[in-house]
Each structure stands twice: as C-alpha cells, then as structure tokens.
Amino acid sequence: TIVESAEVALNNGEHHLTTMVPAVAESIKRATRTDLAIRCDVPACANKVTCDAHLMETVLRNLIYNATRYARTQINVAFSKQPDGRYTLRVDDDGPGIPEADRERVFGSFVQLDDPGRRKSGYGLGLAIVNRIVECHGATVTAGRPALGGAGFAVIWGPAR
C-alpha cells in the first residue's frame, strides 16, 4: 500500500516536546467536544528529545484524534524519559478500548474495527501512518489497556536498543 511503500526521510534533531506536546493537545481540544478533557504530563526533561519533530507531531495528532473518537470523557497524554535514555509517549483514553485480539491488527492499512452503533469514519490509515513513522524512527508502538480502561498507545524510541 501507499503507506507501507512511502519513502520517509528523517530530519532528526533535538526538539522541545515540553512545548510541542501540550500545544498539539490544546489545538485538538479546541476542535473537539467540550465535554472531553485532554490532560498532558510532559516533564522538563522533554526539552531535548531526539526525533523528527514534524513526524512525531503527526504521530501525536493521529493518536489524539483517534482517542477523541472513542473517549468518553478523558484522554491522557504523557511523555517520559527512561533511565536508559529511551523516550515513551503515551496516549490513553477512557473509551471502550481495543479487544486484545485486535491490538496488533489495528496498525495495518485500511483497518477499521467493527464498533456496533458507531458510524465508520476515515479510511483506517491513521494508526498505519503512526506505525510507519515509528518504524522509521527505529521505535515501537503498542496498543494496550491503560488504567483509564479504554485504549492506550505507547510509542517508545531512543538510543538504547
């Protein structure tokens, strides 16, 4: 597919996710439902993060936009730096979550999970794009069930391998 065959050239550098992550979350919050809380936890250590800022912004936007479609009332966005130097970016929501059997499949192109009572929108490319960008960074993205009870996505990248 187009997403899988697209050439991606990284423009890596040190970037300030301390400002980028909250700004992206705030711009999405202004464009979504008023009853939805989007919380950010980005510590000061996120001021020199090695990544392609434009592509990581795309990852973040896709994950948050996806969460806005399913969250009941809350989305949490968090960044952390592990002791081994790796970075973790998490986007969690309190929606219905992703069945365990579908947690790898959701990253495929044109995949939209069946959700009774909900009209499908989009093309099923958002998480495939996230996965492709993450792979280009030599990173991983996983789907799971966070403490909020809905869907949780974790992107992990950095120097330790």
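Which residue of E5 does Ala 78 stand opposite? It is Arg 90 that Ala 78 faces in E5, and I would like to use that pair as the way into the fold. Before that, a word on the basis: this is a predicted model, in which local features need pLDDT of at least 70 and side-chain atom pairs count only at pLDDT 80 or more, while totals for chains, interfaces and linings use all residues. Residues are numbered from 1 along each chain as its sequence is written, and side-chain values use heavy atoms, with hydrogens and water left out.

Let me begin with the overall layout. The protein has four helices and seven strands, where helices (H or I, at least four residues) and strands (E, at least two) are DSSP runs numbered from the N terminus. Read from the N terminus on, these elements follow the pattern α-β-α-β-β-α-β-β-α-β-β. Of the 161 residues, 40% count as buried, buried being under 20% relative accessible area, exposed over 50% and partly exposed in between, with a 1.4 Å probe and protein chains only. If we take contacts, meaning heavy atoms within 4.5 Å, and consider those between residues at least 6 apart in sequence, 69% of them join residues at least 24 apart.

Now to the sheet. Five strands form an open sheet in the order E2-E4-E5-E7-E6, and the pairing is mixed; two strands pair here if DSSP finds at least two bridges between them. Strand E2 (37-41) and E6 are the edge strands, each with a single partner strand, so one side of each has no neighbour in the sheet. From one strand to the next, the twist averages 10 degrees, with axes being lines fitted to C-alpha atoms, for helices over the stretch in contact, and angles running from 0 to 180 degrees between N-to-C directions.

Going across the sheet, E2 and E4 run parallel and are joined by five bridges, one place to look being Cys 40, whose bridge partner in E4 is Val 77. E4 and E5, by contrast, pair in the antiparallel sense over seven bridges. The hairpin of these two strands has five residues between them, and there Gly 85 takes a positive phi near 95 degrees. E5 and E7 also run antiparallel, joined by six bridges, and Asp 92 stands opposite Gly 152 in E7. E5 itself is mostly covered, with six of its seven residues buried.

What lies across E2, E4, E5 and E7? That element is H2, which runs at about 180 degrees to E2.

This brings me to the interior. The largest nonpolar core has 40 residues, and those touching the most other members are Leu 17, Leu 60, Ile 64, Val 77, Phe 79, Val 155 and Trp 157; by nonpolar core I mean a set of buried Ala, Val, Leu, Ile, Met, Phe, Trp, Tyr and Cys residues joined through side-chain atoms within 4.5 Å. The elements giving two or more residues to this core include helix H2 (17-30), helix H3 (53-70), strand E4 (74-81) and strand E7 (152-157). H3 supplies the largest share, seven residues. Ile 64 shows how this works locally: not counting residues up to four places away in sequence, Ile 64 touches Val 24, Ala 25, Ile 28, Ile 38, Ile 75, Val 77 and Val 91.

There are two further residues of H3 that I would point to. Asn 66 lies in that helix and counts as buried, at 18% relative accessibility; leaving aside neighbours within four places in sequence, Asn 66 is in contact with Leu 127 and Phe 153. Leu 127 is in turn one of the buried residues of H4. Leu 55, also found in H3, is buried at 14% relative accessibility, and the C-alpha atoms of Leu 55 and Asn 11 are separated by 8.8 Å, although these residues are 44 residues apart along the chain.

Finally, a loop residue. Is Ala 46, in the loop between E2 and E3, buried or exposed? Ala 46 counts as buried, at 0% relative accessibility, and beyond four places in sequence its contacts are His 15, His 16, Leu 17, Thr 18 and Phe 79.
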